Amino acid sequence: MKKLRLGLIGTCCRGKLADLAHNVENGVEIVAGADIYEDQRKSFVERYKKEFNYDVKAYADYREMIEKENLDGVFIITPDFLHEEMACYALEHKVPVYLEKPIAISLEGADHILRTAKDNKTRLMIGHNMRYMAFTNKMREIIQSGIIGEVKAIWCRHFVSYGGDAYYRDWHADRANTGSLLLQKGAHDIDIIHWLANSYTTKVNGLGALTTYGNVPRRPKGQEKIDGLTIMEFWKKENYPVDVVKDYYPTVNNEDLNMINMQLANGIQASYLQCHFTPDSCRNYTVIGTKGRIENYGDYCKDVTIQLWDRRTDTFNLNGDVTYRIPDNSHQVHGGADPNIVNSFVEMLRGNVVPASTPQGARYAVAAGILGAQSIRSGGMPFDIPPLPEDLENYDFSLNKK
Ligand SMILES: NC(=O)c1ccc[n+]([C@@H]2O[C@H](COP(=O)([O-])OP(=O)(O)OC[C@H]3O[C@@H](n4cnc5c(N)ncnc54)[C@H](O)[C@@H]3O)[C@@H](O)[C@H]2O)c1
């Protein structure tokens, strides 16, 4: 089996995802990483030495790494506003890409990435790891079995308890870096709505506001980076309610409540509601068909169930007519989705699989997120989603279709 030489851009925090690929015996080696911060490069080199007894190279400039390392693939796990530039650079140099979600912060950026991958005949995969979670797969399986009839509506409520720490204390808080938190965080759920529906949004509108983090105490301009602290060190359960924290990001302008409605090409009506200051954390989907309804209780925590109601009553029963139990994967990162998606990338590079997460899906998720935010900022005006050009719509970015 050919050895795969992989690189990593953005070595800290979510960048540790790439560690899941590193397996010398399996012929997959993270040989180098690039990061603009010296402290991150140092801790990347030390991490690989300590955990794998392996010597990685570290670069300050990702371009230099791509040009010198003769890579078979690269993980791009950097802030969202860098995705387009970095992905296109790698693809133009014929290096296959694993790019974290959201694919880009503009529709033009997303389409540019897809076009560059196709023009260069180079593989591209996007990090929509929710397509690799057990509960989303079970919901999809139930829908596809036909037991709830023809799906007409999908609604998702998203409670983000860690919103203050994860999204209002660093670059995420500023729409210049993310577009919106509807896009940044909701890209996952919009993608899952599309995946469950087997369709894409064609029209979106929304309402929302910056209701809670607008007047919180912030660090002064010039102190964008909290030096010496990793994100996990400033995520604390005690940071609740939001006014306990006194050093939010210098620029806060992203909405903390987002609500959008979506009409899908196949007629399904959907909605996504997101809040960044709840005490608890969960994504809760309900799918309503002509013969029944399903809903997940819990997502990738312990004791997750999917409830199915398919007998009419005139009251509410907490337990459905059927209960599906999801195996407990809560000890694994994102309920096991991360090792699964990384494995899918490696197997795509080896020519063995067409990944469940597609660049087209990532683009349509971003499209609904971007135009949904535009609607929120235009008083709820509806926007039509432009379709992808036909050649990109039907292209196999894994290059593995038999
Ligand atoms: N799929 C998921 O479940 C999931 C979870 C978390 C984050 N993410 C995504 O991962 C990406 C990174 O998020 P994060 O929280 O780790 O961000 P972060 O800011 O904490 O870390 C990004 C890394 O990129 C580095 N970096 C910044 N600018 C760079 C540059 N110009 N060149 C090279 N390196 C640079 C930083 O030093 C850091 O090591 C985001 O796009 C986010 O949406 C996905």
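This report describes a predicted model, going through its sheets, its nonpolar core, the surroundings of its ligand and two single residues.

## The parallel sheet

One open sheet is built from 6 strands, in the order β3-β2-β1-β4-β5-β6, and the pairing in this sheet is parallel. β3 (57-59) and β6 (124-126) stand at the edges; each has a single partner strand, so one side of each has no neighbour in the sheet. On average, neighbouring strands here are turned by 25° against each other, direction ignored.

At one end of the order, strand β5 (residues 97-99) pairs with β6 in the parallel sense over 3 bridges. In this pairing, Tyr98 stands opposite Met125 of β6.

## Strand β10 and its partners

Strand β10 (residues 269-275) pairs with both β7 and β9, in opposite senses. Strand β7 (residues 151-159) runs parallel to β10 and is joined to it by 7 bridges. One residue of this pairing is Phe159, whose bridge partner in β10 is Cys275. Strand β9 (residues 257-264) is antiparallel to β10, also over 7 bridges, and Met262 stands opposite Ala270 in β10. The hairpin of β9 and β10 has 4 residues between the strands, and Gly267 in this hairpin takes a positive phi near 95°.

In a regular strand, side chains alternate between the two faces of the sheet. The two faces of β10 are covered to unlike degrees: Ala270, Tyr272 and Gln274 make up the covered face, whereas Gln269, Ser271, Leu273 and Cys275 make up the uncovered one.

## Strands β11 to β13

Strand β11 (residues 282-289) and strand β12 (residues 292-297) run antiparallel and are joined by 4 bridges. The hairpin that links β11 to β12 passes through 2 residues. Across this pairing, Val287 stands opposite Ile294 in β12.

β12 is also joined to strand β13 (residues 305-309), by 5 bridges and again in the antiparallel sense. Here Tyr297 stands opposite Thr305 in β13.

## The nonpolar core

The largest nonpolar core has 105 residues. Val74, Phe75, Ile76, Val97, Ile154 and Val366 have the most contacts inside this core. Helix α12 (residues 359-376) gives the most to the core, with 10 residues. The core draws on both domains: at least three residues come from domain 1 (4-130 + 337-357) and at least three from domain 2 (131-332).

## Around the ligand

There are 24 residues around the ligand, and Gly10, Cys12, Cys13, Arg14 and Glu100 come nearest. Sorted by class, this shell has 11 nonpolar, 8 polar and 5 charged residues.

## Two partly exposed residues

Cys88 is found in helix α3 (residues 83-92). Cys88 has 19 C-beta neighbours inside 10 Å and therefore counts as partly exposed; a residue is buried if the count is 20 or more. Cys88 and Thr313 are 225 residues apart in sequence, and their C-alpha atoms are 54 Å apart in space.

Pro387 lies in the loop between β15 (383-384) and α13 (390-393). With 13 other C-beta atoms within 10 Å, Pro387 is partly exposed, since a count of 12 or fewer would make a residue exposed. Pro387 and Ile370 are 17 residues apart in sequence and 14 Å apart in space, C-alpha to C-alpha.

Note on methods: Residues are numbered from 1 along each chain as its sequence is written. This is a predicted model: local features need pLDDT of at least 70, side-chain atom pairs count only at pLDDT 80 or more; totals for chains, interfaces and linings use all residues. A residue is near a molecule or strand if its C-beta atom, placed from the backbone, lies within 6 Å of it. Ala, Val, Leu, Ile, Met, Phe, Trp, Tyr, Cys and Pro count as nonpolar, Asp, Glu, Lys and Arg as charged, and the others, Gly among them, as polar. Two strands pair if DSSP finds at least two bridges between them. Axes are lines fitted to C-alpha atoms, for helices over the stretch in contact, and angles run from 0 to 180 degrees between N-to-C directions. A nonpolar core is a set of buried Ala, Val, Leu, Ile, Met, Phe, Trp, Tyr and Cys residues joined through C-beta atoms within 7 Å. Domain bounds come from an automatic or database domain assignment.
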